[in-house]
Amino acid sequence: MNQLLDGLTSLGWASGTPLFFSGAERPGRVSVVHGPSIEVIWFPYDAEAETTLFELRRDLNLRPVAGDWIVIDGGEPVRVVPRRTSLSRPDPNERDIQVLAANIDTVMIVLPIDRGLNLKNLERLSVMVWDSGADPLIVLTKADATDDPGPMVDEAQAAAPGVPVVLTSAVDGRGLDELRSRMGAGTTTTMLGPSGVGKTSLLNALEGHAEPVREVRRDGQGRHTTTTRKLYRLGIGGVLLDLPGIRSLDLYASDAAVEETFTDIAALAEHCRFRDCAHDGDEGCAVEAAVAAGELPERRLHSWHAIRREMAYQSRRSDPAAMAAQRQEWKRITKASRKAGR
Ligand SMILES: Nc1nc2c(ncn2[C@@H]2O[C@H](COP(=O)(O)OP(=O)(O)OP(=O)(O)O)[C@@H](O)[C@H]2O)c(=O)[nH]1
Ligand SMILES: [Zn+2]
C-alpha cells in the first residue's frame, strides 16, 4: 500500500488527503481527454503506473477532464472523484461553461516583460484563476531581455494584490529555483498565458531537473513504454500539467473572483454612497473620486469595467437555467453511484 501511495503522490496526490478508492477499485489520474476517450495514468495491480486509453462511459458522474482523479473497477472507469479546484471558461461552441482542468493547486500566470507588461492580460487571467479555487502565481518571463525589470514587477504586484510575483528567465535561469520550491511532492501546477510568452521554454528549463512521466502503455496489441507529454513528473516532486488547450483568454468568473483581483476597488467601493454603485458617473462614487485624486490609476478602473462587461456578456450567452439543471443531474448521479459503489 505504501508503494501505491508513493505512486499516487508522484501523480500529484497530496498525502494526508482522504483515499478515494477501496476494495477492488484502482486509482488513477486523467492526463488528457481525446474526444470520446480519456487517457488515464493508473495503477492496475500494484505500484507500477500504466497509461490506458478508456472509452468514456455515458453514465459517469462527471465528464472527466485533465487532472481528474478517477476510480477504475472491472477494467473501466466507474467514478470521477469530486474536484477540489476546477479551471473553466465559456465553451466556444456551446452555450455553457467548459471545465478545462481539475485539481490544480497552483496556476502560473505567465507573461513576458521583454516588450512591456500587458496588465490587462494579467488582470483577466488572475480573475480566471481566483475563480478556479487554485492559487495564482504570477510568472514574469524573459527577464534577461530587459534592462530594468523592477518597475514591471511593481506594476504586476499592484495589479494583482496579494499574489506572489516571480521574475524568471529561461536563458539565465533566474527565478527557476523559486518556482521549483512551490512545485513540491503532492502538488499540481499548470501554466496559463497567451502564445509566445515562453511557457514551453520555461517548462524545458524547469525540466532540467525533471523527467516526463514514463509508464507502460497498454493498447490492446501488448505493452510498450512511452512518455506522456502532458503530465510531467518534476524532479522536485510535483506534477506539471501542460495543457495546450488552455491558452485562450475567454473569461468566465464569479463576482467574488473579480473582487479578489480588484481588492483595491472593492475597498474603495465600501465608501461609495450607494451599495450598488457602478463606479460610472454615479453620485458619491468613492472609486471615481480616488481616480480623480490620483490615488487609483484610471487604467485600473477601465479594466474593472471591461471585465465586468465581458462577464455580463458571458452570463447572458450561457443559459443559467440549463446549467443549474445539469448540476442537479450531476449531483443525483454522484449520489447514486456512491451508494452503488460502496
Ligand atoms: N530572451 C528570452 N527569450 C525567451 C525566453 N523564453 C522564451 N523565449 C523566446 O520566446 C519565444 C516563444 O517561447 P515559447 O517558449 O515557445 O512560448 P510559448 O508560450 O510556449 O508559446 P506557445 O507554445 O505558442 O504557447 C521563443 O522564441 C523563445 O526563444 C527567455 O527567458 N528569454
Ligand atoms: Zn462607486
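Visitor: Which helix gives the most to the shell around ligand 1?
Guide: The model is predicted. In it, 15 residues surround ligand 1, and the closest include K199, T200 and S201. Those numbers fall in the run 199–206, and this run gives three residues to the shell, the most of any; the helix is α5.

Visitor: How do the residues of that shell divide into nonpolar, polar and charged?
Guide: S195 and G198 are also among the closest residues to ligand 1, and Ser and Gly both count as polar. Over the whole shell the division is four nonpolar, seven polar and four charged.

Visitor: Are the residues of strand β8 that point one way and the other buried or exposed?
Guide: In a regular strand the side chains alternate between the two faces of the sheet. In β8, T106, M108, V110 and P112 point one way, while V107, I109 and L111 point the other way. A residue with 20 or more other C-beta atoms within 10 Å of its own counts as buried. For both sets in β8 the class is buried.

Visitor: Which strand pairs with β8 over seven bridges, and in which sense?
Guide: P112 of β8 stands opposite T141. T141 belongs to the run 135–141, which pairs with β8 in the parallel sense; the strand is β9.

Visitor: What is the hand of the crossover from β8 to β9?
Guide: The chain leaves β8 and passes through helix α2, residues 119–132, before it reaches β9. This β-α-β crossover is right-handed.

Visitor: Which residue in β11 stands opposite T106?
Guide: Strand β11, residues 188–192, runs parallel to β8, and four bridges join them. Opposite T106 stands T189.

Notes: Residues numbered from 1 in each chain as written. Chains lettered and ligands numbered in written order. Predicted model: local features only at pLDDT ≥ 70, side-chain atom pairs only at ≥ 80, totals over all residues. Near = placed C-beta within 6 Å. Helix = DSSP H or I, 4+ residues; strand = E, 2+ residues; numbered from the N terminus. Buried ≥ 20, exposed ≤ 12 C-beta atoms within 10 Å, placed from the backbone. Pairing = 2+ DSSP bridges. Right-handed = clockwise from strand over helix to strand, strands pointing away.
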